[in-house]
Amino acid sequence: MKQPKRITVIGAGFMGCVIATIYAKHGYTVVLHDAIPAALTSFSERALPIAHGVATPTDSAQSIVGRVKLVADLNQALAGAELVHEVVQEDLPLKQALFAQLDRLCAPDVVLATNTSSFLISHLCRDVVHRERVIGIHYITPAHIVPVVEVIIATFTPPELVTWARDFIAAIDHVAVVCREKPGFLVNRMQLTMLAEIHRIVDEGLASAEDVDAAIRLSLGPRWALWGALGCEDLVVNKKTVVATMEYLREQTGQDHYRPTKALLGMVEQGRLGSIAGAGWHRWEAPYAEIVMDRDQQLADILAWLSEREGPSLDARPEPL
Ligand SMILES: NC(=O)c1ccc[n+]([C@@H]2O[C@H](COP(=O)([O-])OP(=O)(O)OC[C@H]3O[C@@H](n4cnc5c(N)ncnc54)[C@H](O)[C@@H]3O)[C@@H](O)[C@H]2O)c1
C-alpha cells in the first residue's frame, strides 16, 4: 500500500486543529474541512500555539499553519485525498453517517481513519461497504507532544493496513501501538482502570489526594516512564511474589480481578521470574548485578531531573482544597 501525500482532515475542532498541524509540519498536503464555517476561519488562531510547539528555525509556526488548506465544501475537500482522517465530535450516529458518506464519496483505495476515543471500528462501519479500509488512528492529548498513537483494528482489518498505519505514524515521528477494538482501547483502559481505583481510594479515606499524587509522582510514575509497567515488574519484583500478593488481595477483597492470569502463572512455572532469572515478560541478558546498578542509576537520574525542576524538595504539593 502506498503512503499518502495528500490528507484531508474532517473536523476542525480541538483535535482536528492539532492533527492538521502535525500533518502540515511533516510535509503532507493537508486539507481541513468542517461543517461550520467559523471552525475554519478561527483555525489559524487556534493552531498557532500548537504549531509553535513543533516549529523549527527553518519552518516557522506561521508557515506550518499557512500550509493547511481550509475547504468548506466536502466534495472539494476530498478531491485527491489518499487518507481521510475523521475528527468530528464523539457522537456515534454522526460518525456512522459520516463514514457511510465518506465510503460513498472516496475511491476504495482511500484510507479512512478515525480519531474516535471510544467507538469500536465495527460500530462506526455499520453502513460502510469497504470497511477493510477503515482504521483507528487515535492521538493522545497533547498530540503534537505525546509520541504514542493508538492504531485500532477490527477483525476485518487487513495486516497490510496495519503495516501501512505503523509506517505512516513513524513518518510523522510518532510511535504506533496497535490495539484490537475493545472498550477503552489501550491507553484509556489502563488509565481509566487506575483512575477509577484511585478515585475510590480517596473516597474511602484510605489516603489523601495529595498523598496519592505524591505516591504516583515519586514511585510508579518515574519507574513506569523508564521501563513501562511490565518491564518495571520484571526489574523490581519476583513473579512468585506477584502471584502471592495477587492471591492475597483476591482473598481479602473478594475481587476476582486480582486472579493471576495464565501468562503470569505460566512464567512462574517456567522459572521466568523476572530480571533476577534472566527472563520475565522480557529477556534480560546482562548479569543481574549489572541490571540492578543500571536500573538504580536510571531511576536516580530521573529523580534528580524532577528535583532540579521542582526546587529543594521533591515533595512539593499543591495546597489541599
Ligand atoms: N479532545 C480530546 O482531548 C481528544 C483526545 C483524543 C481523541 N479525541 C477524539 O477526537 C474527536 C474530535 O474531538 P474534539 O474534541 O476535537 O471535538 P470538537 O467538538 O472540538 O470538534 C469537532 C468538530 O467537528 C465538526 N463537525 C461535526 N460534524 C461534522 C461533519 N459532518 N462534517 C465536518 N465537520 C463536522 C464540528 O463543527 C467541530 O468543529 C472525537 O472523536 C474525540 O473523542 C478527543
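1. Let's start at the ligand. H1 supplies the largest share of the shell around it, 3 residues. Keep in mind as you read that this is a predicted model. Of the 23 residues around the ligand, the ones that come nearest are Gly11, Gly13, Phe14, Met15 and Ser117. Two elements give two or more residues to this shell: helix H1 (14-25) and helix H6 (92-105). As for chemistry, the shell splits into 12 nonpolar, 9 polar and 2 charged residues.

2. Now step back to the whole chain. The protein has 13 helices and 8 strands, and its C-alpha atoms fill a box of roughly 60 × 45 × 45 Å along the principal axes. It has 321 residues, and 27% of them count as buried. Look at the contacts with a separation of 6 or more, too: 62% of them are between residues 24 or more positions apart.

3. Next, the inside. Which residues touch the most other members of the largest nonpolar core? They are Ile19, Ala20, Val30 and Ile135, in a core of 55 residues. H1 turns up again here, giving the most to this core with 8 residues. Ile135 is a good one to click on. Leaving out residues up to four places away in sequence, Ile135 touches Val111, Ala113, Ile121, Val151, Ile152, Ile153, Thr157, Leu161 and Ala165.

4. Helix H8 (159-171) is a nice one for practising some reasoning. At 1.5 Å a residue, its 13 residues should span 18 Å, and the end C-alpha atoms are indeed 18 Å apart, so the two agree. Buried residues in H8 are Trp164, Ala165, Phe168 and Ile169. Seen down the helix axis, the buried residues fall within an arc of 130 degrees, so they line one face of H8. That buried set packs against S6, S7 and S8. Turn to the face pointing away from the buried side and you'll find the exposed residues Pro159, Glu160, Asp167 and Ala170.

5. Compare that with H13 (residues 288-310). This helix has 23 residues and reaches 33 Å from its first C-alpha to its last, close to the 33 Å expected at 1.5 Å a residue. How many of the 23 residues of H13 are buried? The count is 0, and the helix is hardly covered. Just after H13 comes Gly311, with a positive phi of about 90 degrees.

6. Some backbone details deserve a look. Asp173, which follows H8, has a positive phi of about 60 degrees although it is not a glycine. This residue sits in the loop between H8 and strand S8 (175-180). Is Asp173 buried or exposed? Asp173 counts as exposed, because it has 12 C-beta neighbours inside 10 Å, and 12 or fewer is the cut-off for that label.

7. Phe185 also has a positive phi, near 50 degrees, and it isn't a glycine either. Find it in the loop between S8 and helix H9 (187-203). Is Phe185 buried or exposed? Phe185 is buried, because 21 other C-beta atoms lie within 10 Å, and the cut-off for buried is 20 or more.

8. Stay in that loop for a moment. Lys182 is found between S8 and H9 as well, but Lys182 counts as exposed, with 10 C-beta neighbours inside 10 Å. Lys182 and Ile121 are 61 residues apart in sequence, yet their C-alpha atoms are 9.4 Å apart in space. Ile121 should ring a bell: it is one of the residues that Ile135 touches.

9. Here's another pair brought together by the fold. Ser219 and Leu299 are 80 residues apart along the chain, and their C-alpha atoms are separated by 9.7 Å. Ser219 belongs to helix H10 (residues 209-236) and counts as exposed, with 10 C-beta neighbours inside 10 Å.

10. One last stop: the peptide bond between Thr141 and Pro142. This bond is cis, with omega about -10 degrees. Pro142 lies in the loop between strand S6 (134-139) and strand S7 (148-153). You met both of those strands earlier, since the buried residues of H8 pack against them.

Technical notes
Residues numbered from 1 in each chain as written. Predicted model: local features only at pLDDT ≥ 70, side-chain atom pairs only at ≥ 80, totals over all residues. Near = placed C-beta within 6 Å. Helix = DSSP H or I, 4+ residues; strand = E, 2+ residues; numbered from the N terminus. Nonpolar A, V, L, I, M, F, W, Y, C, P; charged D, E, K, R; others polar. Core = buried A, V, L, I, M, F, W, Y, C linked by C-beta atoms within 7 Å. Contact = placed C-beta atoms within 7 Å. Expected span 1.5 Å × (residues − 1). Arc of directions from axis to C-beta.
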